[in-house]
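Here's a quick tour of a protein model for someone new to reading structures. Have the picture open and follow along.

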Amino acid sequence: MSAESGVPTYRGNDGIWEEYDWEEVACEEAFQNDPEKVLNFHELRRSELLNRQPHAGHRALVQLEARHPDVTIITQNIDGLHQRAGSTNVIELHGSLWRLQCPNDQKIYQLMPNVPAPLRCTCGHWLRPAITWFGDNLDLATFTKASKIISDCTLFVAVGTSGVIWPAAGLPQIAARKGVQMVEINPEENDLSPLYGNQIRDLAANVLPKLFPGINYQL
Ligand SMILES: [Zn+2]
């Protein structure tokens with residue numbers, strides 16, 4: 001979803017980890033060593049996002065949720081593009097660039113575009129981006145909630161995920177075990193593709209607006 005909006009991916013060719021060393025900006029140890037450097041890196045990611053816009057695929061999901069309030073988006077993306085498009089029912093498995101949390105008192109700071117993020121909590125502690133970094137565990141409550149929703153769903157649509165980041169890559173297998181109808185939208189095949197009864201090799205912006213007939217996607 002995000003790559004089609006021009007958001008650079010983290011892994012892969014021309015990904016952010018080609019330009020930056022994650023050990024210096026995206027792990028707990030880096031945050032302990034140099035919190036300001038880590039926070040500046042994340043501020044830069046946010047400012048870059050302001051030049052990116054949700055695409056037709058994001059907008060299609062907003063319309064789908066408006067028609068079917070029980071639609072849930074479960075994403076590994078941390079850029080908040082679904083919410084910017086207007087989706088409200090979004091579970092962010094890896095957190096969000098738009099939240100900071102105080103490691104001392106757990107207070108959450110929701111960030112706004114074009115408003116400089118605070119560096120420190122009111123208690124004085126450095127604020128940590130509320131993101132799953134290298135070496136972090138996924139937030140268990142969030143992952144459990146996502147697993148439960150997938151376990152109970154009737155249709156599972158996977159968009160563009162590489163299927164290599166665990167434990168998120170285990171989520172399609174939950175749907176497969178339950179015998180749920182499964183659709184994959186991805187220009188490229190990957191190791192998990194055989195799980196899907198329906199495989200569509202195209203971009204999300206092309207496919208999602210056509211996937212659910214009878215919904216007016218013109219926003
Ligand atoms: Zn605090």
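**Aromatic rings**

- Y10 is partly exposed at 24% relative accessibility, where buried means under 20% relative accessible area, exposed over 50% and partly exposed in between, worked out with a 1.4 Å probe on protein chains only.
- Y10 has a ring partner in W17: the ring centres are 5.3 Å apart and the planes sit at 45°, so this pair is tilted.
- For rings of Phe, Tyr and Trp (its six-membered ring), a pair needs centres within 6.5 Å; planes under 30 degrees apart are called stacked, over 60 edge-to-face, and the rest tilted.
- W17, with a relative accessible area of 19%, is buried.
- Then there's F31 with W133, whose ring centres are 5.9 Å apart and whose planes meet at 50°, so that pair is tilted as well.
- That pair joins distant parts of the chain: F31 is in helix α3 (residues 28-33), W133 is in the loop between β5 and α7 (140-152), and they are 102 residues apart.
- Helices and strands here are DSSP runs numbered from the N terminus, with at least four residues (H or I) for a helix and at least two (E) for a strand.
- F31 and W133 are both buried.
- How many aromatic pairs does the structure hold? The count is 7.
- Ring pairs also string Y10, W17, Y20, W22, F41 and F134 together into a cluster.

**How to read the numbers**

- This is a predicted model, so local features need a pLDDT of at least 70 and side-chain atom pairs count only at pLDDT 80 or more, while totals for chains, interfaces and linings use all residues.
- Residues are numbered from 1 along each chain as its sequence is written, and side-chain values use heavy atoms, with hydrogens and water left out.

**The zinc site**

- Which residues hold the zinc ion? C102 (SG), D105 (two contacts through OD), C121 (SG) and C123 (SG) coordinate the ion, at 2.3 to 2.7 Å.
- Donors are N, O and S atoms within 2.8 Å of the metal (3.2 Å for Na, K and Ca), and sites may look incomplete because water is not among the atoms.
- Along the sequence, the donor residues follow the spacing C-x2-D-x15-C-x1-C.
- D105 is in the loop between β3 (95-101) and β4 (108-110), and C123 is in the loop between β4 and β5 (128-131), so this pair ties together parts that are 18 residues apart in sequence.
- Two of the donors are buried: C102 has a relative accessible area of 0%, and C121 has one of 6%.
- D105 is partly exposed at 36%, and C123 is partly exposed at 37%.
- What about disulfides, meaning pairs of cysteine sulfur atoms within 2.5 Å? A search of the whole structure turns up 0.

**Two loop residues that reach a backbone nitrogen**

- D79 is in the loop between β1 (73-75) and α6 (81-85), and D79 is buried, with a relative accessible area of 7%.
- A polar atom of the D79 side chain lies 3.0 Å from the backbone nitrogen of L81.
- Setting aside neighbours within four places in sequence, D79 is in contact (heavy atoms within 4.5 Å) with S2, V7, L49, L97 and W98.
- N190 is in the loop between β7 (181-185) and β8 (198-200), and N190 is buried at 16% relative accessible area.
- The N190 side chain reaches the backbone nitrogen of L192 at 2.8 Å.
- N190 also touches T161, S162 and E184, leaving out residues up to four places away in sequence.

**Helix α9**

- Which residues of helix α9 (residues 204-211) are buried? They are A204, V207 and L208.
- Looking down the axis of α9, the buried residues fall within an arc of 95°, so they line one face of the helix; the arc is taken from the directions from the helix axis to the C-beta atoms.
- The cover over those buried residues of α9 includes α5 (56-67), β6 (155-159), β7 and β8.

**Positive phi without glycine**

- Q106, in the loop between β3 and β4, has a positive phi near 70° and isn't a glycine.
- Q106 is partly exposed at 46%.
- N114, in the loop between β4 and β5, has a positive phi of about 65° and isn't a glycine either.
- N114 is exposed, at 69% relative accessibility.

Technical notes: A polar contact is a pair of N or O atoms within 3.5 Å; within protein, one must be able to donate a hydrogen and the other to accept it, and residues adjacent in sequence count only if both atoms are side-chain atoms. A disulfide is a pair of cysteine sulfur atoms within 2.5 Å.
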